[in-house]
Amino acid sequence: LSSILTAHRDHGDAREPENLIGRTLAIDPAGTRLYTGYQDIYQRGVHLFMNPDGRIWDTPTYGNIDILMVYNLRDAVHPRLQAFKERPGAGGSGLRVSPDGRRLTYLSHSGYPAGSGAIPGWDPTDLEKKPVTYECKGKAGPARMSYHPTLPLVVVPARSEERRVGKEC
């Protein structure tokens, strides 16, 4: 697991709090919660391929572990796990928090629900509630987005349908 270090901003004292894990991090605008995303891949089995010449090939199959976690920062020395959401997407790539703190997004390569290509925006105080989703399938990828700092706007880089190889722009 990927543990997280915390360090005091002024004097640099670093700690590794127990049960604080994640690969991507974000802090809510009020500074009271830490959001972490954990993503990993595991080998879940093998697929046997029967070759016409009689040989058998075994090909590994893989699965994803994706978890979105919310930690309470009231005690900065010992953050406490407040909530978590399993399978917030597949192939996690980052976290985003809206400037007003009302939306928390787990960016992934498959979107949420997995395979949908949609970008989720959870209420960070209730991860069980169905998230707002930004439908992007076929237009943009669910692995990158940004919240506008003052407008109720989300921006996502579009996928280019036209290749620009050999063309002048």
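A pocket here is an open set of grid points where a 1.4 Å probe fits, with protein on both sides within 12 Å along at least five of seven lines. With that in hand, let's look around this predicted model, beginning with its pockets.

**The two pockets**

The second largest pocket holds about 230 Å³ of space. It is lined by 14 residues, and those closest to its centre are Ser98, Asp100, Tyr147, Leu151 and Pro152. Its lining is made up of eight nonpolar, three polar and three charged residues.

The largest pocket offers about 450 Å³. Here 15 residues form the lining, with Thr6, Ala7, His8, Leu73 and Ala76 closest to the centre. Two strands, β1 (6-7) and β3 (24-27), are the elements that each give two or more residues to this lining. Sorted by class, the lining residues of the largest pocket are ten nonpolar, three polar and two charged.

Here are the two pockets in one view:

| Pocket | Volume | Lining by class |
|---|---|---|
| Largest pocket | about 450 Å³ | ten nonpolar, three polar, two charged residues |
| Second largest pocket | about 230 Å³ | eight nonpolar, three polar, three charged residues |

**The chain as a whole**

If you scroll along the protein chain, you will meet twelve strands and zero helices. Read from the N terminus, the order of elements is therefore β-β-β-β-β-β-β-β-β-β-β-β.

What about overall dimensions? The C-alpha trace spans about 65 × 45 × 35 Å along its principal axes. The radius of gyration of the protein chain is 20 Å, whereas a compact globule of 169 residues would come near 15 Å. Of those 169 residues, 35% count as buried. Looking at contacts between residues at least 6 apart in sequence, 36% of them join residues at least 24 apart.

**A closer look at threonine 105**

One residue worth a visit is threonine 105, which sits in strand β8 (residues 104-108). Is threonine 105 buried or exposed? Its relative accessible area is 0%, and because buried means under 20%, threonine 105 counts as buried.

Which residues does threonine 105 touch, leaving aside those up to four places away in sequence? The neighbours are Gly94, Leu95, Arg96, Ile119, Pro120, Gly121, Met145 and Tyr147. With proline 120 there is also a polar link: the side chain of threonine 105 reaches the backbone oxygen of proline 120 at 2.8 Å. Another of these neighbours, Tyr147, takes us back to the pockets, as Tyr147 is among the residues closest to the centre of the second largest pocket.

Note on methods. Residues numbered from 1 in each chain as written. Predicted model: local features only at pLDDT ≥ 70, side-chain atom pairs only at ≥ 80, totals over all residues. Heavy atoms only, no water. Helix = DSSP H or I, 4+ residues; strand = E, 2+ residues; numbered from the N terminus. Buried < 20%, exposed > 50% of the residue type's maximum accessible area, 1.4 Å probe, protein only. Polar contact = N/O pair within 3.5 Å; in protein donor to acceptor, adjacent residues only side chain to side chain. Contact = heavy atoms within 4.5 Å. 1 Å grid on protein atoms, 1.4 Å probe; cavity = no way out; pocket = protein on both sides within 12 Å on 5 of 7 lines; lining within 4 Å. Points joined across faces, edges and corners; volume = space filled by probe spheres on them. Nonpolar A, V, L, I, M, F, W, Y, C, P; charged D, E, K, R; others polar. Rg over C-alpha atoms; globule rule 2.2 N^0.38 Å.
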